[in-house]
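Visitor: I'd like to go through how the chains in this one touch each other. Can we take it a contact at a time?

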Amino acid sequence: MENLIALLIAAPLLGAAVLLVGGRRLDAVGHWIGTLLAAVSFGIGLVLFADLLGRSADQRTLTQHLFSWIPVAGFQADVTFRLDQLSMTFVLLITGVGSLIHLYSVGYMEHDERRRRFFGYLNLFLAAMLLLVLADNYLLLYFGWEGVGLASYLLIGFWQHKPGAATAAKKAFLVNRVGDMGLAIAIMLMFATFGTFAFGPVFSHAGDTSEGRLTAIALMLLLAACGKSAQVPLQSWLGDAMEGPTPVSALIHAATMVTAGVYLIVRSAAVFNGAPSAQLVVTVVGAVTLLFGAIVGCAKDDIKKALAGSTMSQIGYMVLAAGLGPIGYVFAIMHLVTHGFFKAGLFLGAGSVMHGMNDEVDMRKYGGLRKYMPVTFITFGLGYLAIIGFPGLSGFFSKDKIIEAAFAKGGTEGWILGGAALLGAAITAFYMTRVMLLTFFGEERWRNRPTASPAEPDVEPAAEDRGTRAEPHPHESPRVMTIPMIVLAVGSVLGGAFFSIGDRFLHWLEPVTGHSEGNSPLSALTVTAATMVCLAIGVAIAWAQYGRKPVPVVAPRGSLLTRAARRDLLQDDFNHVVLVRGGEHLTRSLVYLDHTLIDGVVNGTAASVGGLSGRMRRLQNGFARSYAVSMFGGAALLVAATLLMRAV
Amino acid sequence: MNPVNYLYLAALLFTIGATGVLIRRNAIVIFMCIELMLNACNLALVAFSRMHGNLDGQIIAFFTMVVAAAEVVVGLAIIVSLFRSRHSASVDDASLMKL
Amino acid sequence: MSFPLLTATAVLPAVGAIATAAVPAARRTAAKWLALAVSLGTLALAVTILVRFDPGGARYQLTESHSWIAAFGVRYELGVDGIAVALIGLTALLVPFVMLAGWHDADQLETGSRRWRPTQGFFALILALEAMVIISFEATDVFLFYIFFEAMLIPLYFLIGGFGDRAHEHGEKAASTQRSYAAVKFLLYNLAGGLIMLAAVIGLYVVAGSFSLTEIAQARANGSLHMATDVERWLFLGFFFAFAVKAPLWPLHTWLPNAMQESTAPVAVLITAVVDKVGTFAMLRFCLQLFPEASKWATPVILVLALISIIYGALLAVGQRDIKRLIAYASISHFGFIIMGIFAMTSQGQSGATLYMVNHGLSTAVLMLIAGFLISRRGSRLIADYGGVQKVAPVLAGTFLIGSLATLSLPGLAPFVSEFLVLVGTFTRYPAIGIAATFGIVLAALYSLVLYQRTMTGPVKKEVSAMPDLRVRELVVVAPLVVLLIFLGVYPKPVADIVNPAVKQTLSDVHKTDPKPEVEAAK
């Protein structure tokens, strides 16, 4: 059974190779090859899942050793896969949601002449992401980690002819590289500390080293997680990443890749458990990001960017939970899975709306679309209810658990973290209701109005200006797009209940991550009630602002906070001034210095030798007399020197 | 007579020759001055030979004479051809072998 | 007596060079094919060396030794260890591709005259260079090495100055001036290094009474040859200076950007992928073996210089406007990594450095050759003159992207393996320097992706709109190198197995062992 693990990765990898090397011949069938191989991988995943379920809880770790990757004295990096409950969960999420999004893309990318290549990149992403979660050592994980970064780069910049897309892709890769640097340093630290970076020995010996070392490793891992999962301070790339095609945003920048940071932290539980101060930093990062993302999500008029803010915020919840230690690990992963369902569903819904609206992304130019797109409306609506945590839907179960766990951390920290999580829940309810109202309710603001970019500089221009500029004719998307949306909506409704009733998910993951209850100062019921109140407040404010009164098509100037939030709370401005401008000045002055100083010394030496010889040349004036003088002078000097030597 | 006086004379002749080489421009005169210096050397060599009581100095003097004779042949030939081409025997006119 | 395989590998291209040069002017296509055939024959011989070499066997294998200049004890001594085998393989592999890539580079110099034969000259010079590089990898006699270390400047000087890049924003005249400036600068820099080395070579003979690497190293190891500390340090510096110029190490690097910018892409590949490797190779083989104590003494300074090279080269690459200059500065950054790996004196660092030499050769070749194809289509080296190439030439853009990704050391491509090994190997002994060098990977991503973005993406510029995609000949050049980059990224074991024993012996020469991990968890 172990031998199947490699096939999980091999199937999409084969797809990527065939589609990218195959050339134009495959244009007609390429998308079906890609979808089929994604589905094959999902099928293998199901077979392995059934096998795992058939074993007892302590027998559920399978490993497969393929070959020795980098064999150098004392440094052993192998290509070995590990399939346990944690990676199995991810495998199913990645291949399942991945297959659905492949299917959706068949419709969404139908008119794109480079569709074959798009599917090649998607398959490449699946292979890299599976490698990431199946790796049995940190270096192989790093391989997958950068591999998904590459796939993300290629897909964000898929419409390369648009400068915005190319810039966004580069930015995503660069910011991620900063995080990757953290992972690289963490691996080096592990190697220096343990002499290995394979999961097994590192985790079993984590207790043998000092807390300081563990804290250093943990903080470097956190840096990596911040990059990949768009957590403060490395979150700035996610909003720009929405330049990519919408299925990409759904798969990579919502459901799977951006959650890799959470996977990394939960996987490295043994390291984090030994480094409480690092865990505190993790929770702070999570709490800050969940508020940051939520605030940004409130201000964006671009539907995809609003959802991107929301993704950031929801991953903030997961990171917060993961930072809580054994109290939160399981819930972090549970929220990750349910979030995978509803956020992918929301993005696909957004894509469907854009598909029907000439690729317009400005929500202020939507309105009243529920009549024209009933399936999209219902599936989006269910996703909406799930994300705000409406009782009974999946977000209710998973988010509630995280808020409880935050309070259970105890002490002042517990109150602060729990409070932040509650506040986040209220803001989530607000911005998601706003998205819902602007898009599907209210007046039909797109009537009699060609969809051109407004003059307002704060509002991003339309991300995909492929369409015509005539008045849109909203229509429902084809079956191939709606079926994945329906499946994901079903998952968003039932997932949470399925996982939580009888603590199924907890029992499944506990052997890998460990679990402890913690002692909450508040009862579970109190927390749930508080969450419900927050939710109601958020929805009510959004209704008051966007439901009762008509929405202006051009965004009002807004308060200082709104304007700052529209600009991602000025983080990009900071980056621009400090990093981009500063970097430009640095490189420019270095180029100048290299030319004038280092090359100058060399050229200066050459010039002075040349100048000296030019002056010496003048002595050779061609007059026999002057040569005679120098001869006599020289002879006189010699004689004088000889006499002097005699005298001494 | 004290042989040192011959050395004084040799030094005097050499100095006159050297001065001539430095200050005169006519190639023939310079040439004669060079001969004067060579002969001053010969005189000194012969004087040394006498002083030390061996023949080494006289032998070298003969060598010098042979070389001087050869030099005169080559040198005069150069001067003559120079005079033919430039109609002048001034060495300053022949300062083109520079740069 | 067995077949002198090492001599044959060096002599074949040398003879081929003469034969190519002798081909009559009218048959220049025949000359090209002849040169290509010779380089493929050399590749076959190099593969034979690879097969015959036994990684578990003696340190130097396939050795040959003949008396040469008996009066000075100079011998014709050849022998290869794993490091040399890997680099000979790289050289012999790259030359045929370089020739194919530069198939038409000399055509524009043809005037139709019967006596003027630039094509023959171009290919003969490449073969001559190959012969000299190969023999310097093989030489185990210091004097023999020195001769060819210097002699390879001659063909390279003519390749840069005579067959340089004609694309220049200020016209043909400016290009010619720039070209001769670059060629002379290259020559003077390397001659200066070589002369200092010559003094050190003579000094070594005075001290040791022999030029034989194996003899001296053995005498040093068993204590029969004692060098005073000062003497050893001065001799080390003499050797190291020459190698650091060639490698090139900051601040001796400024000849490389000029030389690479002004030569055509294939010659630039030869410079950075092959010739510069002689410098780093010689540090491993001569500096560490002959002067172990002085090497350790100089390590801190060299590591700092290497670190500066990494960061400085990368920052300058970011600031370049010229595609080839950018790649040159990127190479300076990579050479920093190689030198850092060598002087970290750990088995990961040195194995990584050796792998890095091979991998950097491959990745730079891909990037530079494709850049050359690009430049030959548009006639400009300026990044700003390009844009949107991926739309008109997707295969060119795709392979260029792979080259860029290899340059930024993406896992899955060969350079990652070596770069990570160097970083880990440095980190275990010098954590601060290891961490600082890690910033290099962020900067590498910056310059690589900026280059790709500015040239390949965005709206299609008018001047590139008719640009043809890669031709068959160009694809034949690029595709095998790309496959090799991927193969060695996923499965570097074949090369690592050859290199590891040699590295182990080099480490024992300097009496260094790897630092022990804090917790022994590996078992």
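Visitor: How many residues does the contact take from chain A and from chain C?
Guide: Keep in mind that this is a predicted model. Counting residues with heavy atoms within 4.5 Å, the contact takes 57 from chain A and 67 from chain C.

Visitor: What area is buried between chain A and chain C?
Guide: Carbon and sulfur atoms give 71% of that area. On the chain A side, Q160(A), R177(A) and M188(A) lose the most, together 12% of what that side buries. The area between the two chains comes to about 5300 Å².

Visitor: Which side chains meet in a salt bridge at 2.6 Å, N to O?
Guide: There are two salt bridges between chain A and chain C. The pair at 2.6 Å fits the 4 Å cut-off for a salt bridge. Its partners are D599(A) and K185(C).

Visitor: Which element gives the most to the side of chain A that touches chain C?
Guide: Several elements of chain A supply at least two residues each, among them β1 (62-72), α5 (138-156) and α23 (571-619). The top contributor, with 18 residues, is α6(A).

Visitor: And what about chain B and chain A: how many salt bridges are there?
Guide: Here 12 residues of chain B are in contact with eight of chain A, and about 890 Å² is buried. Residue pairs in polar contact, both at pLDDT 80 or more, number zero. For salt bridges between chain B and chain A, the count is also zero.

Notes: Residues are numbered from 1 along each chain as its sequence is written. Chains are lettered from A and ligands numbered from 1 in the order in which they are written. This is a predicted model: local features need pLDDT of at least 70, side-chain atom pairs count only at pLDDT 80 or more; totals for chains, interfaces and linings use all residues. Side-chain values use heavy atoms; hydrogens and water are left out. Buried area is the accessible area (1.4 Å probe) that two parts lose on being put together, summed over both. A polar contact is a pair of N or O atoms within 3.5 Å; within protein, one must be able to donate a hydrogen and the other to accept it, and residues adjacent in sequence count only if both atoms are side-chain atoms. Helices (H or I, at least four residues) and strands (E, at least two) are DSSP runs, numbered from the N terminus.
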